[in-house]
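Colleague: Hey, could you walk me through this one? I'm new to it.

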Amino acid sequence: MSIDRKIDGMDIAELKVELQKLHNASFGWALSCCDRDRGEAEEVLQTVYLKILEGKAQFRGQASLKTWLFAVIRKTAMGERRKSLLRRLVLNTQSPATGETAFAEEPGAVFERSEAQARFQTALKSLPARQREALHLVFYEDLSLREAAEVMRVSIGSARQHYERGKKRLRESLGQTESAYGIGWRGKENPGAV
């Protein structure tokens, strides 16, 4: 293969640079799509990169590269999840528990184990998948609701509804009320006012 080979209108070197820039965000999204299973997320992301470099997933410029890449990651993760479920049904066994090797802790690992983060992750996992996806894309990946809708393959109205309902359920799950957000004043109206 020559170095100037084109994929999706970009040469391979340019595409690799763009993928590298998006790698951390892509891995975060893959983690979210894989229920925080690090091994599964790594496999999904590797599969996505191979699909792109082999030309099986093609960027047509109808959205931003990031939005398109996140849609490919989501679709690949869903496909891997279905394959895994089918294997378990066929074999009638459960998948073995993943054992993690102990490495030097990353700074983020300390934070993830904190009590507040544990409560937040539990609350986030309790949300329906679409609400969780919408919140992740908007908050963690800094996508607009329109871009999140494209990634999720739903209308902008549906994405907005999942986002708003997700925020509401997350607040309820974490035990926060309207007064914690400075809007509890409605309950203190003057009873003598007309």
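Modeller: Sure, here's a quick tour of the fold, the core and the hollow spaces. It's a predicted model, where local features need pLDDT of at least 70, side-chain atom pairs count only at pLDDT 80 or more, and totals for chains, interfaces and linings use all residues. Residues are numbered from 1 along each chain as its sequence is written, and side-chain values use heavy atoms, with hydrogens and water left out.

Colleague: How many helices and strands are there in the protein chain?

Modeller: There are 9 helices and 2 strands, counted as DSSP runs numbered from the N terminus (helices: H or I, at least four residues; strands: E, at least two). Along the sequence the pattern is β-β-α-α-α-α-α-α-α-α-α.

Colleague: And what share of the residues is buried?

Modeller: Of the 194 residues in the chain, 31% are buried, meaning under 20% relative accessible area with a 1.4 Å probe, protein chains only.

Colleague: Which residues touch the most other members of the largest nonpolar core?

Modeller: Ile 52, Trp 68, Leu 69, Ile 73 and Leu 137, out of 39 residues in that core. A nonpolar core here is a set of buried Ala, Val, Leu, Ile, Met, Phe, Trp, Tyr and Cys residues joined through side-chain atoms within 4.5 Å. Helices supplying at least two residues of this core include α1 (12-21), α3 (38-53) and α9 (156-173). The largest share, 7 residues, comes from α4.

Colleague: Switching topic: how big is the second largest pocket?

Modeller: About 410 Å³. On a 1 Å grid over the protein atoms alone, a pocket is an open set of points with protein on both sides within 12 Å along at least five of seven lines, a cavity is a set where a 1.4 Å probe fits but cannot get out, and lining residues have an atom within 4 Å of a point. The volume is the space filled by probe spheres set on the points, which are joined across faces, edges and corners.

Colleague: What lines that second largest pocket?

Modeller: It has 17 lining residues, and Gln 58, Trp 68, Ala 71, Val 72 and Arg 153 are the closest to its centre. Helix α4 (65-91) gives the most to the lining, 5 residues.

Colleague: Any idea how many cavities of 30 Å³ or more turn up?

Modeller: The search of the whole structure finds 1, with a volume of about 110 Å³. Its lining includes Ser 32, Asp 35, Arg 132 and His 136. The elements giving two or more residues to this lining are α6 and α7.

Terms used
Buried means under 20% relative accessible area, exposed over 50%, partly exposed in between (1.4 Å probe, protein chains only).
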